[in-house]
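Let's take a walk through this structure together, one step at a time. Have the sequence and the 3D view open as you read.

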Amino acid sequence: MSKVLILAEHDGQTLNPSTHKCVTCATAIPGAQIAVLLLGADTAAVATQAAAIHGVHEVLRIDRPENAHPLAATFAPQVAAIAPGYTHLFGPSTSFGKDLTPRVAALLGVPQVSDLMAVDGAYRFRRPIYAGNAIVTVEADPARILVATVRIASFEAAGTGGSATIASRTADVKLPVHTRYVGARSGSTDRPDLQTASRVVSGGRALASAENFKLLYDFADKIGAAVGASRAAVDAGYAPNEMQVGQTGKIIAPEVYFAFGISGAIQHLTGIKDARTIVAVNKDPEAPIFEVADIGLVGDLFQVVPELARLLGH
Amino acid sequence: MKKIIVCIKRVVDYNVRVRVKPDGSGVMLDGVKMSVNPFDEIALEEALRIKERGSNVEVVAVGIGVVDAQQQLRTALAMGADRAVLVQTDQAVEPLTAAHALLALARKENPDLILLGKQAIDDDANQTGQMLAALWDRPQATYASKLELQEGKATVTREVDAGLETIEIDLPAVVTVDLRLNEPRYVKLPDIMKAKKKPLDVISLESLGVAASVWLRAVKTEPPAQRQKGVMVKDVAELADVLKKKGLI
């Protein structure tokens with residue numbers, strides 16, 4: 001029988017929705033029994049949320065003061081101590097999971113499958129390579145624990161209403177002191193989270209300034225959307241790094257994605273190809289974004305965006 | 001700060017549109033332009049700036065791979081690395097194998113800092129730095145957008161999903177770099193000439209006591225599913241209509 005351990009991301013109050021998506025991925029493994037592992041200073045609140053996810057069998061908590069911030073060097077030895085006995089260890093393909101999971105894999109002496117996008121068997125998976133221009137099917141040795149990060153844009157979130165057991169664990173390992181948390185600067189807004197929003201409004205270099213991005217923020221707020229940006233726009237300083245969508249930014253799968261003034265480099269397209277509907281507005285009729293758009297309009301975004309907001313009755 | 005190792009991976013150039021082989025055995029690499037992984041270029045640029053700020057630091061470029069990966073190490077030498085080492089193997093090098101090779105080199109060279117790109121743009125694995133840090137039992141700072149060195153330690157600003165995070169790490173350490181850390185310099189012709197005289201050692205993977213294990217077997221490679229061709233609308237009014245009809249807004 002397969003036993004899957006999922007590394008859950010949270011901020012102490014709220015469980016990150018990537019956890020629900022990892023659970024859906026894990027349920028694709030035949031007969032899998034699923035446990036969720038939480039590390040934190042106090043995980044009581046998030047443990048209740050994790051226990052409610054459909055398909056979760058057990059929630060494990062490791063609470064200690066050193067776990068107040070998710071430092072990979074601190075978390076990894078604890079996870080590696082809990083992992084034996086499990087056949088699979090999944091982390092999310094978020095900055096949290098991508099930082100931590102390979103460190104755990106190396107401590108366990110096993111490889112990692114990154115950005116797992118489809119489960120073809122307990123030890124057979126598909127993942128994207130070359131910015132999504134190719135999909136490779138890989139097979140791993142069933143004799144070793146299978147460590148993977150889950151490409152969260154490829155899976156729906158598991159529902160809630162379950163009631164898994166919650167247990168406290170201790171990982172009897174010496175924690176390093178060579179890595180220390182200093183602080184964070186988050187561009188948190190009242191807008192929906194870019195990685196889980198059902199609507200995303202995104203802007204490219206054509207926005208031409210950080211001030212002009214306000215046009216997109218206003219439109220996004222009217223339709224209840226998150227705001228993203230192309231790498232070109234982030235590099236130019238028009239938008240902060242956490243808004244970047246693409247191969248090296250966030251991979252997203254909203255119901256509808258608005259690309260305003262984004263030419264559509266391969267590296268950007270790989271971040272949006274799972275969007276249900278892509279709407280592209282660009283002045284250049286030859287822009288590659290139109291090759292993947294479901295609905296395209298050749299036009300100047302500075303005219304289109306305000307008019308669209310008006311016509312949509314907002 | 002005495003020595004920095006920078007990892008330089010040979011990859012298909014950023015601008016090449018990669019195609020899958022018809023028999024599904026991989027992607028077409030014959031005659032394709034190869035370059036230094038763009039993130040590794042940023043790592044090297046950072047090492048060079050540390051050196052140029054006046055510290056007497058040696059910058060060592062390290063590659064792992066085929067004989068031709070010497071070309072990318074020559075580029076690194078032309079950019080300003082002091083010397084280079086190619087760990088040569090004809091086998092595909094998976095991240096865990098790369099991490100073991102780099103660990104062996106780290107034990108030999110005793111660097112204060114190992115810099116790598118956060119991921120390589122071929123396999124997009126995003127693993128090697130983290131695995132190396134684990135095996136070496138040293139700190140890791142991934143996705144660095146700012147690196148400040150102090151005596152025996154470094155303060156690193158990291159690009160994370162929520163924004164920016166700052167951590168402090170003791171040296172030696174592994175740092176993987178993100179896009180906005182710096183903008184790499186262009187190589188000038190005289191530097192290419194000078195680079196030909198700089199030392200480039202070629203050693204075998206086996207000489208480091210590392211086997212090129214197949215950890216994950218690639219069964220087949222396929223092109224991604226194509227999206228259906230969409231429709232073009234003529235004006236904003238039609239766009240608004242379509243969005244409403246499809247129930248998207």
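**A walk through the sheet and the interface**

A good place to start is a pair of strands in chain B: β7(B) and β10(B) run parallel and are joined by 3 bridges. Within this pair, B:Ala144 stands opposite B:Val177 of β10(B). Please keep in mind that this is a predicted model.

Now stay with β10(B) and look at its other partner. Strand β6 (residues 113–117) of chain B also runs parallel to β10(B), and 5 bridges join the two. Here B:Leu115 has B:Val175 as its bridge partner in β10(B).

How many of the residues of strand β10 (residues 173–177) of chain B are buried? The count is 5 of the 5, so the strand is largely enclosed by the rest of the structure. In a regular strand, side chains alternate between the two faces of the sheet. In β10(B), B:Ala173, B:Val175 and B:Val177 point one way, while B:Val174 and B:Thr176 point the other way, and all of them are buried.

Let's step back to the whole sheet. It is an open sheet of 10 strands with mixed pairing, in the order β11(A)-β9(B)-β8(B)-β7(B)-β10(B)-β6(B)-β1(B)-β4(B)-β5(B)-β11(B). At the edges stand β11 (179–186) of chain A and β11 (200–204) of chain B; each has a single partner strand, so one side of each is left without a neighbour in the sheet. On average, neighbouring strands of this sheet are turned by 30 degrees against each other, direction ignored.

Follow the order towards chain A and you come to an antiparallel pair: strand β8 (residues 153–160) and strand β9 (residues 163–170) of chain B, joined by 8 bridges. One of the paired positions links B:Thr157 with B:Thr166 in β9(B).

That brings us to the contact between the chains, which takes 64 residues from chain B and 67 residues from chain A. Several elements of chain B give two or more residues to the side that touches chain A, among them α3 (95–109), α4 (128–136), β7 (140–150) and α6 (236–245). The largest share of that side, 8 residues, comes from β9(B). Sorted by class, the side of chain B that touches chain A has 36 nonpolar, 11 polar and 17 charged residues.

Strand pairing between the chains also appears elsewhere: strand β16 (residues 295–298) of chain A and β13(B) pair in the parallel sense over 3 bridges. In this pair, the bridge partner of A:Leu297 in β13(B) is B:Val233.

Key. Residues are numbered from 1 along each chain as its sequence is written. Chains are lettered from A and ligands numbered from 1 in the order in which they are written. This is a predicted model: local features need pLDDT of at least 70, side-chain atom pairs count only at pLDDT 80 or more; totals for chains, interfaces and linings use all residues. Two strands pair if DSSP finds at least two bridges between them. Helices (H or I, at least four residues) and strands (E, at least two) are DSSP runs, numbered from the N terminus. Axes are lines fitted to C-alpha atoms, for helices over the stretch in contact, and angles run from 0 to 180 degrees between N-to-C directions. Two residues are in contact if their C-beta atoms, placed from the backbone, lie within 7 Å. Ala, Val, Leu, Ile, Met, Phe, Trp, Tyr, Cys and Pro count as nonpolar, Asp, Glu, Lys and Arg as charged, and the others, Gly among them, as polar. A residue is buried if 20 or more other C-beta atoms lie within 10 Å of its own, exposed if 12 or fewer, and partly exposed in between; C-beta atoms are placed from the backbone.
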